[in-house]
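The following exercises concern a single protein model. Each task is followed by a solution that proceeds step by step.

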Amino acid sequence: MDIITVFERFPTQQACIDHLENARWGDSPVCPFCGSDSVARKRENDRVGRWNCHKCHNSYNVLTGTIFKGTRMPLQKWFLAIAILLNAKKSVSSYQLARDLNLNQPTAYRMAMQIRKAMVEDEVFLYGIVEADETYVGGKPRKSKRNDDDPPKRGRGTKKQPVLGAVARGGKVVAQPAKRVTGETLKAFLSKFVKADSTLLVTDEYSGYNRMGEWVPHFTINHAVAYAQGLIHTNTIEGFWSLVKRAIIGQHHHYSKEHATAYIVEACYKYNNRHFDTFDSFLQGAVTG
């Protein structure tokens, strides 16, 4: 959804609250603490959107237990931030988000990280022709720290953050940071997301994939010889990695290993929903968990 449509659909704070209440509860509001439907809207002190539970006697609103919990930011700005982030194929920096929404950078950063939390997708399973690969993310060493006789390593063997990934051709992608890349970590990752009985796995010739054929049909491509041999290639997952790295180079420039998962989750969510306008479904997921 574009930001003009966000302004038109949600011109006020109450319009945003009404939409979230409908997305979370429909016509049957319940208490998020005890699950009781014995609730009533609270009107005192003009606190729009507050509810009382007659069973556990808690007070709450539609934001309780969601990424919006405790926010003092107008919900329209939240909705705009969500639209901007969803529409940015190669992500958006917190500085740019701050400029777009007239916020300070730390506030924009916290909002963006909360939005990324709601992008986590459960139960993604891959089947068909599945390509698997790993990449390493992180900035290059500064020029002053390089030794011309010992050029910095790239890829395996670096101190960068390893990221494991797999994609079904024409389907979804899964990726997650890892502490190390070994045969054990690769098998654990792939066996979690790949349906072995309906999958043909394609990888490069890295030794960590050597024993994959024990549990799933497995083909390899030798990149020293060719990048594709008919259906045997890893071009799809390489294309996904290029999106991940363009987001780093063009927008974020650097992010720590501590927060790598959030940015990888964002890249996967956008790839998996690339054919859809996900604004409404994202909001529903953000308030229903």
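**Exercise 1.** Is Glu21 buried, partly exposed or exposed? Determine its class, then describe the salt bridge in which it takes part.

*Solution.* The model is a predicted one.
Step 1. The relative accessibility of Glu21 is 8%. The cut-off for a buried residue is under 20%, so Glu21 counts as buried.
Step 2. Glu21 forms a salt bridge with Arg41, and the closest N and O atoms are 3.0 Å apart.
Step 3. Glu21 belongs to helix 2 (residues 13–25) and Arg41 to strand 1 (residues 39–41), so this pair ties together parts that are 20 residues apart in sequence.
Step 4. Arg41 has a relative accessibility of 30% and therefore counts as partly exposed.

**Exercise 2.** Which parts of the chain are tied together by the salt bridge of Arg9 and Asp280? Give the distance of the contact and the exposure of both partners.

*Solution.*
Step 1. The side chains of Arg9 and Asp280 meet at 3.3 Å, N to O.
Step 2. Arg9 is in helix 1, whereas Asp280 is in helix 9 (residues 279–288); the bridge therefore ties together parts that lie 271 residues apart in sequence.
Step 3. Arg9 is partly exposed, at 35% relative accessibility. Asp280 is partly exposed, its relative accessibility being 35%.

**Exercise 3.** How many salt bridges does a search of the whole structure find? Examine the pair Glu214 and Arg211, and identify a network of bridges that share partners.

*Solution.*
Step 1. The search yields six salt bridges. As a general principle, side chains of opposite charge can pair when their charged atoms come close.
Step 2. In the salt bridge between Glu214 and Arg211, the N to O distance is 2.8 Å.
Step 3. Glu214 has a relative accessible area of 55% and is exposed. Arg211 is exposed, with a value of 60%.
Step 4. Arg116, Glu266 and Lys270 are joined into one network by salt bridges that share partners.

**Exercise 4.** What is the volume of the second largest pocket, and which residues lie closest to its centre? Characterise its lining by element and by class.

*Solution.*
Step 1. The second largest pocket holds about 400 Å³ of space.
Step 2. Its lining comprises 26 residues, and those closest to the centre are Leu86, Lys89, Glu266, Lys270 and Tyr271.
Step 3. Helix 3 (75–87), helix 7 (235–252) and helix 8 (260–272) are the elements that give two or more residues to this lining.
Step 4. Sorted by class, the lining has 15 nonpolar, five polar and six charged residues.
Step 5. Glu266 and Lys270, listed among the residues closest to the pocket centre, also belong to the salt-bridge network with Arg116.

**Exercise 5.** What are the phi values of Glu123 and His253? Locate both residues and assign their exposure.

*Solution.*
Step 1. As background, most residues other than glycine have a negative phi.
Step 2. Glu123 has a positive phi, near 55°. His253, although not a glycine, has a positive phi of about 65°.
Step 3. Glu123 is placed in the loop between helix 5 (105–117) and strand 4 (126–137). His253 is placed in the loop between helix 7 and helix 8.
Step 4. The cut-off for an exposed residue is over 50%. Glu123, at 71% relative accessibility, counts as exposed. His253, at 54%, counts as exposed.

**Exercise 6.** Which residues form a nonpolar patch on the surface with about 270 Å² of accessible area together? Place one of them in the secondary structure.

*Solution.*
Step 1. The patch is formed by Ile3, Ile4 and Phe7.
Step 2. Ile3 is found in helix 1, which covers residues 3–9.
Step 3. The relative accessible area of Ile3 is 36%, so Ile3 is partly exposed.

**Exercise 7.** How many helices and strands does the protein have? State the overall dimensions and the buried fraction.

*Solution.*
Step 1. The secondary structure consists of nine helices and ten strands.
Step 2. The C-alpha trace spans about 70 × 50 × 35 Å along its principal axes.
Step 3. The protein has 289 residues, of which 45% count as buried.

Definitions and conventions: Residues are numbered from 1 along each chain as its sequence is written. This is a predicted model: local features need pLDDT of at least 70, side-chain atom pairs count only at pLDDT 80 or more; totals for chains, interfaces and linings use all residues. Side-chain values use heavy atoms; hydrogens and water are left out. On a 1 Å grid over the protein atoms alone, a cavity is a set of points where a 1.4 Å probe fits but cannot get out, and a pocket is an open set with protein on both sides within 12 Å along at least five of seven lines; lining residues have an atom within 4 Å of a point. Grid points are joined across faces, edges and corners, and a volume is the space filled by probe spheres set on the points. Helices (H or I, at least four residues) and strands (E, at least two) are DSSP runs, numbered from the N terminus. Ala, Val, Leu, Ile, Met, Phe, Trp, Tyr, Cys and Pro count as nonpolar, Asp, Glu, Lys and Arg as charged, and the others, Gly among them, as polar. Patches are made of residues with over 30% relative accessible area and no salt bridge: like charges are joined within 9 Å, nonpolar side chains (Val, Leu, Ile, Met, Phe, Trp, Tyr) within 5 Å. Accessible areas come from the Shrake-Rupley method with a 1.4 Å probe; for residues, only the protein chains shown count as cover. A salt bridge is a side-chain nitrogen of Lys or Arg within 4 Å of a carboxyl oxygen of Asp or Glu. Buried means under 20% relative accessible area, exposed over 50%, partly exposed in between (1.4 Å probe, protein chains only).
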